[in-house]
Amino acid sequence: MFKSLLRTSIVRPTFVSPIATRAAFFSTSRFALNGSQKVNPKADIFKYHQSEGPAAVRYTPDHEWVAIMPDYTAYVGITRYAAEALGDVTFVELPEIGDPVEIGDSIGSIESVKSASEIYSPVKGEIIAINNAASGDPSIVNTDPLGEGWITQIKLDTSVNVDEANDSLMTEEEYVASIQES
């Protein structure tokens, strides 16, 4: 996701020197990481399922999250870190329902006052739902990126183990550590 963000002109935060570097722009001191990368249990993604919530939540190096549900579907969105780095989201492009997706395929984009960024599928399957609320009110991606701001729901290819198919997926602890290292 941030590949495209880094290619655009960066709006310099006030605490950064005149030459904005990737390390300074994405400094973890700007973001609250303690527990903020957890999926919001009050979000609709829990209401859609009569379960306790996702069987697993994983994160990508491109700052997307995937909540894998017991019914072999997965919700995909961007992390709080990504939402805060993007700034005020002004437009969300959603994929088409019924589209097959492979790992790494573009499944939409997010535009903000700072830049535009692609969203990439962390799983293989078929798009079965999109979050029209995020398209109608893009600010929901900023206010609740790990809940009501989800982007799409994908029916997983059941012949593939998600963690084995995409070895770049990280647990919450691994993801937070990767942010703190950058």
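**Inside a predicted protein model**

Let's begin with an enclosed space: the largest cavity is lined by I103, V123, K124, L156, D157, V160, V162 and A165. Try finding these residues in the structure above. The model you are looking at is predicted, and a search through the whole of it turns up one cavity of 30 Å³ or more. How much space lies in the largest cavity? The answer is about 60 Å³. Sorted by class, its lining has six nonpolar residues and two charged ones, with no polar residues.

Now let's turn to a space that is open. The largest pocket has a volume of about 150 Å³. Twelve residues line this pocket, and those that lie nearest its centre are T60, D62, G104, Y120 and S168. Which classes make up the lining of the largest pocket? Here you will find five polar, four nonpolar and three charged residues.

With both spaces located, you may wonder about confidence. On average, the protein has a pLDDT of 78, and 71% of the residues score at least 70. Where is confidence lowest, and where is it highest? The low end is helix 2, covering residues 22–25, with a mean of 28. At the high end is strand 8, covering residues 125–130, where the value is 97. Take a look, too, at residues 2–35, over which the pLDDT is below 50. In the model, this stretch has 55 contacts beyond its near neighbours in sequence.

Conventions
Residues are numbered from 1 along each chain as its sequence is written. This is a predicted model: local features need pLDDT of at least 70, side-chain atom pairs count only at pLDDT 80 or more; totals for chains, interfaces and linings use all residues. Side-chain values use heavy atoms; hydrogens and water are left out. On a 1 Å grid over the protein atoms alone, a cavity is a set of points where a 1.4 Å probe fits but cannot get out, and a pocket is an open set with protein on both sides within 12 Å along at least five of seven lines; lining residues have an atom within 4 Å of a point. Grid points are joined across faces, edges and corners, and a volume is the space filled by probe spheres set on the points. Ala, Val, Leu, Ile, Met, Phe, Trp, Tyr, Cys and Pro count as nonpolar, Asp, Glu, Lys and Arg as charged, and the others, Gly among them, as polar. pLDDT is the predictor's confidence in each residue, from 0 to 100. Helices (H or I, at least four residues) and strands (E, at least two) are DSSP runs, numbered from the N terminus. Contact means heavy atoms within 4.5 Å.
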